[in-house]
Structure formats: C-alpha cells, structure tokens
Amino acid sequence: MPFSYRRWTFHQQQQQQQRQKQNLNPLLPTAVAPSKSKLSSRKSTASSGKLPKLVAFVLSNVLTIAILFSILFFLFTLFFFLSPTSSSSSSPSSRSPPQPRSILRRTRAFKHRQSVNRTISAASFDLTTKELYDRIEFRDLDGGPWKQGWRVTYRGDEWDEERLKVFVVPHSHNDPGWRLTVEEYYDKQSRHILDTIVETLSKDSRRKFIWEEMSYLERWWRDASDSRRESFSNLVKKGQLEIVSGGWVMNDEANSHYYAIMEQMTEGNMWLNDTIGVIPKNSWSIDPFGYSPTMAYILRRMGFENMLIQRTHYELKKELAWNKNLEYVWRQIWDTEESTDIFVHMMPFYSYDVPHTCGPEPAVCCQFDFARMRGFTYEMCPWKIDPVETSPENVKGRATLLLDQYRKKSTLYRTNTLLVPLGDDFRYVTINEAETQFRNYQLLFDYINSNPSLNAEVKFGTLDDYFRVLRDEADRINYSRPGERGSNAIGGFPSLAGDFFTYSDREKDYWSGYYVSRPFFKAVDRVFESTLRATEMMMALLLGYCQRAPCEKLPMGFSYKLAAARRNLALFQHHDGVTGTAKNHVVRDYGLRMHTSLLDLQTFMSKGIEALLGVRHTHDKFDQSPSQFEPEQVRSKYDALPVHKVVMAADRAARSVIFFNSLEQTREEVVMVVVDRPNVKVFGSNWTCIPSQVSPELQHDKGNYFTGRHRLHFKVSVPAMGLQTYYISSGSSRCPSAQPATLKYFSKSNTEFSCPASYVCTEVGKTVEIKNARQRLVFDAKNGFLKSISHRNGFENVVDEGISMYSSSGSGAYLFKPIGSAKPIVESSMVILVSEGPLMQEIYSYPETVWASSPVSHSTRIYNSGENTIQEFVIEREYHVEFIGPKFDDKELVVQFQTNIDNNRTFFSDLNGFQMSRREYYDKIPLQGNYYPMPSLAFIQGSNGRRFSVHSRQSLGTASHRDGLLEIMLERRLTKDDGRGLGQGVMDNRATNVVFHILVETNISATTVSMMNPLPLSPSLLSHCVGAHLNFPMHAFIGKKSQDISVPPPLKSFSPLAAPLPCDLHVVSFKVPRPLRYTLSPSDDPRFVLVLRRLHWDTLYCHRDRSGCTNLAEDQVNLFNMFKGIEVSNIRPTSLNLLHDDTDAVGYTEQVDVQEGDVVISPREIQAYKLDIRRPQ
C-alpha cells in the first residue's frame, strides 16, 4: 500500500510538532548516537616478540598451571551440573555439542514423551518483544530530521579497516488488489513494470532488481513472448534479477490462518520452480501491518535463510536501532535447539519509499528519488528540495551528500554491509523512469567507488547479494556482544523471540482496526479454506482408491478449477485482501473469485462422493453428467450468507444426507439440517433408527422470528477422513418421529409473538436456563445475556456478558481510534425464546436497543451428544449482526465477557491458528494499542487455574482492559478515511454471522498458576479439538431424488483410515499437488503429499479421555499402515513448500524412517511427506 498518499499530511504534522517540541529534552542520553567501533571485537593476535617469554614462563610453571586447571575444571563441572537451565540469554559456551543423527532421534523422541509441557520449554534468546515493550516508555519524542529517532552522527573512522559496502536494491511493490483490482493493476502498471525490468536490466549487467508477487509474474508470463520469457530467465540465472519470497502474494500475518499462508507460498514457489527453475531463499515483506513468528517458522521450514521486514512499531524500531539490534535471529519461543532460527533484517525508518530508505533524513533522501523530477507523474518532495539530474559538475557534492546518509544509516547496524532499497509502490513503470534512476545512481556510484579515501563501495544489488556479503563479513569479524547467546546459524547477532503486534507508524495511531474490517469476508475466507482442504483430500482419496479411468478423468478434468481455487484463496491472503482494507469494488472482486471457486469445489465434492461410495457404475462419465447430490448449504451470491437447503421428506420415501469428515478422528456429534415439516424420522445407513429432535428455524427479523421451516437435529458418527450416509423420511415407519422441542418465551409485546404450529409454547419463569450433562447456563431474564456457567464438578464461573459500542472520529479501515470506552447498547430483550429438547437446547434473544431494529440478535446452544464427546463441553454462541445504515456510522461493535477470573488484564491469543502469544495490558499505550489479532482463539486464565476460552470461526480483534474481561470486536462501520491511502471508509457492511465456541476449564492438578510467567500457555487437548471442529466442520450433501423406503438401501459409507490418528496429530493437508501430471509422473516420483502437525497441549487442563482420545502421538506413527485397502510406498520427507527433499537444510531434527515408514514429529512442528498410494495388485 503506497505511503505517498499519506506523506503530505504526515510531514505537515511533523513540521508543526517540530515547532511545538523544540524546547523538549531528548529521550536518549545524548543527541549523538554511540560510536560503532565495529572492529573493536576482533580477536587480537600476540606479537611475535612476546612469544619466547611466554613459552619460558609456561615451561617453568608446568605443575602450578596443571593444578590450577584441575581446580577450575572441577568447579566448572560442579556449576554446570547443579545450575538450572537458562530461560533467557546465556553465553554461547553453554550450548550443547551436536549429537550424531541416529542418537538425536531417539533422545529427542524420548524427551518429547517425557515433556508434553503445559508451558514453553526453557528456550534461550537474547531479546523478546515483551521485554522490549516493558522497557520502552512510548513517549513519542521528536528526534529532529529523523522524527522518530535521534540526530545520527558518526566519527568518520568507523570504515578505516572494513570499508562500507552498500547494496542499493531496486524494487517495485505491486499490491494484487487495493485501490484497483488485481487485473486493473496488471493492465495499467504491473505488466509494464515487468517489461521495463527485462529491457533495462538487459542493457547493463551492473543493474539489479528484485520481484516478489508471483500472481503478477504468472499473469505476465502467460502474455509474454518467448523471447521476453527467455530474457527474464537469463536475468534470473545471471543474478541480476532475484525472485524474493516467491509467494503468490505478500500475505497478511495477523488475520491469515497458517494453512492459507502455506498454500499461498507453496502455490507461488511451485509455479516459480516449475516455470523458471528457481527456489527462493530470501523473504521480502515490506508492507504487512505487523509480523508474526508463525511466518518466520513457515519460511524456515520452506528452506528460507533470510527475511526482511519493515512495518513494526516505530518506538520498537528506535529501541532496536539504538542498541544495534535491527538485525537479529528470529527464534520460535519454544525452540530449545535453534532449529527454527532465521536471520532477519528490519528496516529502521517510517516507510519503504526512497525518502525513508537511504538514511535518517528524508528531506535529503528524497533528493535522490530521481523519478520525482519534473516530467514524471509522481509527487514532488514535500520538503521543497527536489531531485536534480546528476552531472560531472555536481556529482562530487551529490555523491558526498548521499554517502553521508549511507554512513549514518550504517551506524544503526553492527556490520559495515548496508542495504538500501530503491523503490516504492508500482515504480519503474516506464523505460524513461527506470533509465533515469539507473543512470543517475550509476554516476554517483562511479564517483564514490573511484575515490579510495571514501572507504566505500556502492553498487546495485539484490537481496541475495546483500545477505551473502553480510554473512561473509560476520564470519570474518566477531560482532557478538559479551554474554550474547546469538545463534549457531549466523554469528554476531542477537536472538529474538516474539511477535510484532500491534503496529503503530506514528503518534498514537495503532493499526488494530483491520483485525475486524469486513468481517463477512474474513468468515468467507475460513469457509473457503476448509472447503479447499476437504476437496484436496477427497481428490487424493479418489485417485488413491478408485484407480479406474473414469475416476481419474474426474479429477483431471477438475484440475484447472482446482488451480484457480488455490490461487483465489492465495490472492485473498494479500495484505489488503483478508485485512478488509481495499476499495469497495476490489472487495467485490475478491468476493466474486472466492464465491466462484466455492461453487466449483462443492460441485467436485458432490461428484467425488458418488465415486467413493460407488453410487455410479464404472462406465458412467463422472465428469460430464450432473451429480446426484447437492451441498446442504448454498450461497445465492458472493456477499450473501449461506442458506440451508430444505430436505423435502416425501411420504414413504427417504432423502439421503451424506456427511464428509475431513478430520483425522471419528466425529460423533449432533448435526442439523433444515426440513419442510416437523414429523420426520432419521435412519442410519444400515436402516437403524436414529433419535432426533425438531425445532422451528429462527431468523433476525423483529416481529417475525420464525421462517416456517424446521431444524432437524440428530446425532451422527462419521469415520475419520470418511463418509457416512443417513436418511430422512416422513410417513409411517417403525421408527419414532423426531421429538419436537418445547418452547418457552418472553415477549415484551405479546402481539409480536405467535407460537409456531406443531409446538407447545409457555412463558419463561423467573429463571432462564439451559443445561446438559456437563454444564448449566443461567441467563439474565431481562436482556437474554449469559450470566453464569455451572459445571458438573461443582465449580461456577460468572460470565456477565454484554454488547457494547465504541464511537470514533479517526477510525478507518486500518486504524482503531475510539473516543472513550464502549457503551452498552442493549436496554432489554424484545423476545427471549428457549428451545429444549433431548439433543439440543437453545436460548435466542432479540434485544431492544435505541434503534427501531436491533443491529444484533444472538443465540446460545448446548448439546447432548454423548459421554466424553467434544460437543458436550462446548457452549455455542452465535451473533447475527446487521451493521447497516447511517445510524451506525463511526461505530464499532464489541461483545464483552466479564468473568470472575483474576487474569490481571493478561490474556492469550493465537497467532495464525498455529501458536499462542501472551498479551499484557500496558497503561502507557492507548486502548487501541492493547488490541490484538484473534485469528481463531483467545483465553483468559486466573491464579486458581480456571480458564475461559473463546474459539472463533473467523479472524477478529480482542483485548482485556479490565481484570476478568475478554472483549472481542464483532463489526465496524466507518465513514472516514484514516489517512493511510485507501481514500474511503468502510461502509459496505453485510449481514454477518459470528460464531464462537466457548470452553470453560478448570486446572485438574489444583496447581496455583503464576500470571507473571512471561511465556505463553498452550490450549488444552480438548481446546485444540474444539477449535478443529469449529474451523473444519463436516461437509453435508443431500440426495436430489428420494428413495423408496420399502427396500433398505445398501450400506453407503467410506472409511479410508486403518484407525483414527492420534488426537494430537492433525492432517494439515492430504493432496495431489500436481493433478495434471498425475498420470505422467514417473514411478519414482511420489504423487501424493501428506502434511502433519503435532499439537502442543497443556496437560494440566485435560485428560485425554475428556476429548474422546484413545491414543497420542507420543510414539512413532507408521505411515505405511495409515490407510486400509491401499498401499503406501516411496515415502520422502520434504519441506513445507514441497521443494526441498534435504530436510536437514530446513531445520528438521526428526523425520521418517523411510524403510519402516515410522514418523516422529515433535510437538508444535509441521512436517510434510511425499508418498505414493496404490491399490494392492
């Protein structure tokens, strides 16, 4: 997203602040940065003249020296074995020596069986982002020319022994959708930029460039001539052009789920490797609004070695720059073996444009953005000093001025190797622009390089050029600080753990609004992900089990639509896509793409079911004929909520309903379908009677709360990664009809409530409650909100729920800037409806607010699904939100759970659905800075061990600004642009359903929990299962035609696994990555991919039997024996982007015994395997 759109306003504010703050004392001890003294840490060598004296001394004191060494060794050994393991920084000497690989596997596997810990192990690092936040005062003091820093100076002798090596890296940031759609940007700018790169780089081998977005490169490649393609490939091979990151997009890191991140990276990386033969190893991420360690983990496991990031809190940048820690090794907070270490370069200044990249003084740097000279279309420099053409007459002065900025910037880093990006959004569009930049810079470089007294070498470079030379310098010169642990991966730099949320670019402007912007499409994104994952799995099962020509033809014919679906999901992970920060018509484009692909995926699944269940004959053409099944939920258009298809239950006929379970364990739960009449019956696939319950379908419509249709609930059991069929019938039969729910109601106006036919309605009493075998929920009879949760074991949790609203004047798509605290909006309930039945109990409330129509209605459901089923522990909370119309302008809607848990304003939220992060409220930063992303889970926990968890079906934002409070934002409607370039507010709100699964747990060991522990806690095993069930729901399909119930149908189920997988092992994906090549692949090239994730869970909160677990992945898992009826062979471990079969290179410490098929996966790890599947001959 361009910075240029907001630069004028920012620098006008800067000038005003400069006048206001000129009399303030600086934050830092002095106004001059500390001297670099980069070579002072070199190891000194003894002079040759002193050597004879030293030898003589040693020879004459041999006995004394030996005794001293013996005593020292004894003391060291005693200290080593008695001292506790460090959990923070330690010296490099404390590292364990490397062990042989064969021993490593056994010892580590044993260690993991011994310690599936509740907290993070004793990993060691020099810095954490929490420690930085604790230390920083967040005073936003004026730093002079570098507004957010200090007046940088240098002595001048820092480069006498090691010259300054500057790599100027030309780049162009191309957003795949923001103010224009991806196609509009491509036609107007991106295709011309790629043409320009090829032409201008081909003229001079000294010129370099980097490119990031594969979505644009693939589009250009399709249009490019053979000669242009060849020229592009040659530039890459020669090192003039580097593909960095190589993802389909530069993905968001706050809202995106780790599955989607892996998919978009893999899609881009595999296309790049297949097309040009390149595998990236350097990541370039300059525009996401904050950074997650999950991304660092995924990149490392994909074979990346280095990262570059930009948008982190400006105060944090200043702190790191002051201590020369802007380059560090990012380590996962649980990693005790440094296997996740990846080197990071953080850019130090406000922006990634030219004025903020050459050095600390933007007024000077802007003079070297030659595309701002008159005659070009870009804005002039806001500091009123414009660039001028470089000439022999002015080159000395201009080069000296530029080198001064390079030197000042260099003092912020440890080494004398410096990176200077040269670009901005959609730059290098024309040949003239590119030639102007390259020509002027080359003249400046030539002058600097021809004057040895300057001790500098400056040239164009790629990211790989920079990191390669930097690593070489770090190998030659020891830049480590005393006591600094660093990393075995690269010496001389600190290790760091933590995440970089919430981002602030200036003053009190925190980018926490985009966590919630456009929540409708954030929810569609998750549905799309789960549907794509299920479709990939079904295709792999179809090709593995069927192996007949008609079966193969179906997935082959679907390959193009599958590729489109993968790419449409990948596209939406862009940092202006899933974030909800694009123009209205761009959001529509994203939505249409996802909607089209969702329909395609559902069509394939409906046909795949026929093949897996053997419904059609072998000679039938699966790919051409219509399916016999249709999805149970459909969307009429891209921005409409899904609607349940009505199962028409004809007399003496049955309609089939088939469920596909994409999870790796058998699912036993109560499901719901909509029927046209209440007197229906449910049969199993073996024609057994299935108990069921029927209740009226509800809707968000004041005065008309019933749709006239009916919800049918019944319990199903669906095998892991398999299919199961059920039948719904009406009319006479030996089975009893579904039991109608009893209805109780409160209505403020009796004229607005009419009891639906076929049901008995009574008024609610003084107590409004629902309960199942595990818990009892009590509600406020006045407003319908949850008040308390009582559990079977006796303990009670107060949950004072409420819905409130913030008012704002400066909030926009990116920023959250509330005015004061949130105000409650619910006065009372217009209607409360209680539905009670043997399988599901529900309370529905339509609240009374100051508006004629409430913006929200809400339901709470609990289930009786059976002893030790996951669903019995869950409280399902659903909010229907319609934040539409000017009455909600500049408002932000939140739900608050005020509990009796003493969490001390500390809570835990997930990062990308992959790991948890500890969040602590800081009074020194405003409320909006204490809001954090909640992609799928947040929980609070008290000192007595009680834990209140909220699982979400979509990404939202959350905070805890009072003791015992968990606040989650549901929706926002904003009229104003927040000055970050979008040029509009967020007013295209859609009706949205927000679904939470709430879980309340108590510490089973009665251990007192310290909330002062700075490390994150993990979810319980039950909590992991709850999240999986919510985010990977079963997919239901309905038979289009009824069947005669007089003849029992054959068994229709499909169960591919020999046994359910361990409960702490999750199948991230099971797919055929290249279906078009399936029949062409050589026999020694595995065609299937299985990606597994081992969960880390808190043992103090869950026995395995509470979540129905029978086994865990403590021992080896055998892939050869995973499936039944088919053979698994040719297993090869690979990287997460499927391109590196040498898994040592991506940091894995444990893998697979290829001969035996045994897999050992450490908790928290994701590992991928290539394999082949075939039916036995």
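**Figure 1. Asn 455 in its loop, with a positive phi.** In this predicted model, Asn 455 sits in the loop that runs between helix α14 (431–449) and strand β10 (456–460). Its phi is near 50°, a positive value in a residue other than glycine. Asn 455 is partly exposed, with a relative accessible area of 24%.

**Figure 2. Trp 687, another loop residue with a positive phi.** Here we look at the loop between β20 (680–684) and β21 (689–690), where Trp 687 has its place. The phi of Trp 687 is near 70°, and again this is a positive value in a residue other than glycine. With a relative accessible area of 12%, Trp 687 is buried.

**Figure 3. A cis peptide bond and a tilted ring pair.** The peptide bond leading from Phe 501 to Thr 502 is cis, and its omega is near 5°. Thr 502 belongs to the loop between β11 (495–497) and β12 (504–506). This view also takes in the rings of Tyr 503 and Trp 511, whose centres are 5.0 Å apart. Their planes meet at 55°, so the pair is tilted rather than stacked or edge-to-face, the tilted class being what remains between 30 and 60 degrees. Tyr 503 and Trp 511 are both buried.

**Figure 4. A stacked pair and a cluster of aromatic rings.** How are the rings of Phe 883 and Phe 888 arranged? Their centres lie 4.9 Å apart and their planes are at 15°, so this pair is stacked. Both Phe 883 and Phe 888 are buried. A second panel shows a cluster joined by ring pairs, made up of Phe 209, Phe 368, Phe 370, Tyr 428, Phe 438, Tyr 441, Phe 445 and Phe 460. For the whole structure, the count of aromatic pairs comes to 57.

**Figure 5. Two arginines placed over phenylalanine rings.** The charged end of Arg 533 sits over the ring of Phe 1032, at 4.6 Å from the ring centre. In the companion panel, the charged end of Arg 947 sits over the ring of Phe 939, and here the distance to the centre is 4.2 Å.

**Figure 6. Helix α8, with a buried side and an exposed side.** Helix α8 covers residues 226–238, 13 residues in total. From first C-alpha to last it reaches 18 Å, close to the 18 Å expected at 1.5 Å a residue. Which residues of α8 are buried? They are Phe 232, Ser 233, Leu 235 and Val 236. These four cover an arc of only 155° around the axis, which puts them on the same side of α8. The buried residues pack against α6 (182–203), α7 (214–223), β4 (241–243) and α9 (258–276). On the other side of the helix, Asp 226, Glu 230, Lys 237 and Lys 238 are exposed. Just after α8 comes Gly 239, with a positive phi near 85°.

**Figure 7. A salt bridge between Asp 274 and Arg 1077.** The two side chains meet with a distance of 3.7 Å from N to O. Asp 274 lies in helix α9, while Arg 1077 lies in the loop between β49 (1065–1071) and β50 (1088–1094), so the pair ties together parts that are 803 residues apart in sequence. Asp 274 counts as partly exposed, at 36% relative accessibility. Arg 1077 is partly exposed too, with a relative accessible area of 40%.

**Figure 8. Further salt bridges, in pairs and in a network.** Glu 892 forms a salt bridge with Arg 972, and the closest N and O atoms are 2.6 Å apart. Glu 892 lies in strand β37 (residues 891–899) and Arg 972 in strand β44 (residues 965–973), so this pair ties together parts that are 80 residues apart in sequence. Both Glu 892 and Arg 972 are buried. In another panel, Glu 379 forms a salt bridge with Arg 372, their closest N and O atoms being 3.8 Å apart. Arg 372 is buried, with a relative accessible area of 1%. The last panel shows a network of salt bridges that links Glu 162, Lys 165, Asp 472, Glu 473 and Arg 476. The structure holds 82 salt bridges.

Conventions. Residues are numbered from 1 along each chain as its sequence is written. Side-chain values use heavy atoms; hydrogens and water are left out. Helices (H or I, at least four residues) and strands (E, at least two) are DSSP runs, numbered from the N terminus. The expected span of a helix is 1.5 Å times one less than its number of residues. Buried means under 20% relative accessible area, exposed over 50%, partly exposed in between (1.4 Å probe, protein chains only). The arc is that of the directions from the helix axis to the C-beta atoms. Contact means heavy atoms within 4.5 Å. A salt bridge is a side-chain nitrogen of Lys or Arg within 4 Å of a carboxyl oxygen of Asp or Glu. Rings of Phe, Tyr and Trp (its six-membered ring) pair if their centres lie within 6.5 Å; planes under 30 degrees apart count as stacked, over 60 as edge-to-face and the rest as tilted. A charge sits over a ring if NZ of Lys or CZ of Arg is within 6 Å of the ring centre and within 35 degrees of the ring normal.
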